[in-house]
Amino acid sequence: MVVGGGIVGLATAHALLRAAPGTRVTVLEKEATTAAHQTGRNSGVIHSGIYYRPGSLKARFAVRGAAEMVGFCAENDLPHRVTGKLIVATSRDELPRLHALVQRGRENGIPVRELGPAQITEYEPEVRGLAAIQVGTTGVCDFGAVAARLAVLVEKSGGRVDCGEEVTAVDRRAWGVAVRTATGRVLRARALVNCAGLHCDRVARLAGDDPEMRIVPFRGEYYELADPARVRGLVYPVPDPAFPFLGVHLTRGIDGGVHVGPNAVPAGAREGYRRSTVRPRELAWTLAWPGTWQMAREHWRYGAGELHRSLSKTAFTAAVRRLLPSVTEADLRPAPSGVRAQAVLRDGTLADDFLIKEAPRTVHVLNAPSPAATASLPIGREVAARVLRLL
């Protein structure tokens with residue numbers, strides 16, 4: 001039984017059915033459709049894996065997953081493009097970090113080309129910078145469409161994808177698990193996989209496990225360019241390695257529009273896609289976690305900057321101008337937001353790698369934000385292998 005009908009949960013169900021044909025697999029999704037949250041509310045970037053520590057799950061799975069995602073999209077006739085991207089340094093203090101990314105990319109086996117100012121404008125005529133690197137394996141796709149196709153493949157292989165079934169109770173026994181849903185259904189299985197994303201820590205506790213982390217939701221707020229012709233592909237700033245966020249960037253999506261953002265601000269609810277969405281119980285759950293306060297104390301300056309850009313379009317535009325100097329506030333139109341399910345440990349550390357934990361009859365996927373969509377196929381195989389070892 002897989003809890004969560006996002007791309008990771010569906011990839012896990014798909015991998016289980018491929019690895020053990022004839023196994024009965026049921027995916028339970030609380031929403032009316034699959035891919036309703038992180039999977040369907042992102043910029044659609046197929047990440048290369050350049051940012052991630054060599055040897056980490058993120059590095060290994062993103063590099064492998066990028067190639068596999070392109071192949072999956074091609075095989076299933078799903079829209080995708082391998083566009084490459086630029087990571088641009090706009091100040092001298094960013095140059096050492098840019099050079100470190102070159103080295104990291106090469107250690108991860110990613111083709112990287114270094115560019116000077118004139119070469120930047122050959123790729124992106126309106127973008128300015130002191131130096132950049134061009135990463136050829138980055139692309140874009142529609143992860144919601146990928147998830148929908150995975151759901152079809154699961155059902156064709158004999159599995160089930162049941163939407164509108166929120167898990168409200170988990171009873172773990174020696175023989176397996178029993179789950180009750182909000183509709184009153186009781187389902188039994190030999191093993192449970194927790195791929196509940198924004199609610200994964202809550203599901204872990206329902207199963208009787210202490211995940212030793214808590215999901216702190218961060219809303220990513222986007223704009224879009226009124227004139228998408230001003231950007232040809234994907235343009236990113238040099239990220240701060242202290243944070244899992246990549247900064248305000250420009251992404252030409254599979255639909256031809258150009259997303260600008262996101263910034264990252266704490267959300268008032270796990271599905272808090274609007275500033276006005278506040279769920280007191282969920283907010284209290286976040287604020288009761290010691291790691292939330294430790295994180296706030298350590299990173300308050302960074303958070304204040306993100307909040308300023310959230311409240312001030314002028315400040316947000318100024319951040320965009322570092323890459324695209326000609327942009328004005330009038331060029332930016334509001335676009336839908338997403339929410340990142342970020343695992344925060346008790347000491348305030350933001351988990352920087354995928355976090356997968358095993359318990360009796362259970363596997364919990366506890367930290368799978370970006371680049372999890374890119375890496376979903378190898379993540380699914382890894383989780384499936386762990387589940388099958390439990391049986």
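In helix α3, the residues Leu95, Leu98, Leu101, Val102 and Gly105 are buried. I begin with them because they cover an arc of only 110° around the axis, which places them on the same side of α3. The general rule behind such a pattern is that an α-helix has 3.6 residues a turn, so residues three or four places apart point the same way. I should say at once that we are looking at a predicted model.

The helix itself runs from residue 95 to residue 107. Its 13 residues reach 19 Å from the first C-alpha to the last, close to the 18 Å expected at 1.5 Å a residue. After α3 comes Gly109, with a positive phi near 75°.

What covers the buried residues of this helix? The cover includes strands β5, β6 and β7. Let me turn to β7, which spans residues 131–135. Five of its five residues are buried, and this holds for both faces: Ala131, Ile133 and Val135 lie on one side, Ala132 and Gln134 on the other. In general, the side chains of a regular strand alternate between the two faces of the sheet.

Strand β7 has bridges to two of the strands just named. With β5, residues 85–89, β7 runs antiparallel, joined by five bridges; here Ile87 has Ile133 as its bridge partner. With β6, residues 112–115, β7 again runs antiparallel, over four bridges, and Leu115 is partnered by Ala132. Ile133 and Ala132, the two partners in β7, are thus on opposite sides of that strand, and both are buried.

I move now to a sheet of six strands. This sheet is open, its order is β9-β2-β1-β13-β20-β19, and its pairing is mixed. Which strands stand at the edges? They are β9, residues 160–163, and β19, residues 355–359; each has a single partner strand, so one side of each is left without a neighbour in the sheet. At the β9 end, strand β2, residues 26–29, pairs with β9 in the parallel sense over four bridges. Within that pair, Val27 stands opposite Val161. Helix α11, residues 376–390, packs on this sheet and touches β13, β19 and β20. The direction of α11 makes about 10° with that of β19.

A further open sheet has three strands, in the order β3-β8-β4, and its pairing is antiparallel. Its edge strands are β3, residues 45–46, and β4, residues 80–82, each pairing on one side only. Two bridges link β3 to β8, residues 139–141, in the antiparallel sense, and Ile46 stands opposite Gly139. A helix packs on this sheet as well: α2, residues 57–75, touches β3, β4 and β8. The angle between the direction of α2 and that of β4 is about 135°.

My last point concerns a single residue, Thr286, in helix α7, which covers residues 280–287. Is Thr286 buried or exposed? Its relative accessible area is 8%, and because buried means under 20%, Thr286 counts as buried. Which residues does Thr286 contact, leaving aside its neighbours within four places in sequence? They are Ile215, Val216, Pro217 and Thr292.

To close, I return to the opening helix: its buried residues lie on the same side of α3, and their cover includes β5, β6 and β7.

Technical notes: Residues are numbered from 1 along each chain as its sequence is written. This is a predicted model: local features need pLDDT of at least 70, side-chain atom pairs count only at pLDDT 80 or more; totals for chains, interfaces and linings use all residues. Side-chain values use heavy atoms; hydrogens and water are left out. Buried means under 20% relative accessible area, exposed over 50%, partly exposed in between (1.4 Å probe, protein chains only). Two strands pair if DSSP finds at least two bridges between them. Contact means heavy atoms within 4.5 Å. Axes are lines fitted to C-alpha atoms, for helices over the stretch in contact, and angles run from 0 to 180 degrees between N-to-C directions. The expected span of a helix is 1.5 Å times one less than its number of residues. The arc is that of the directions from the helix axis to the C-beta atoms.
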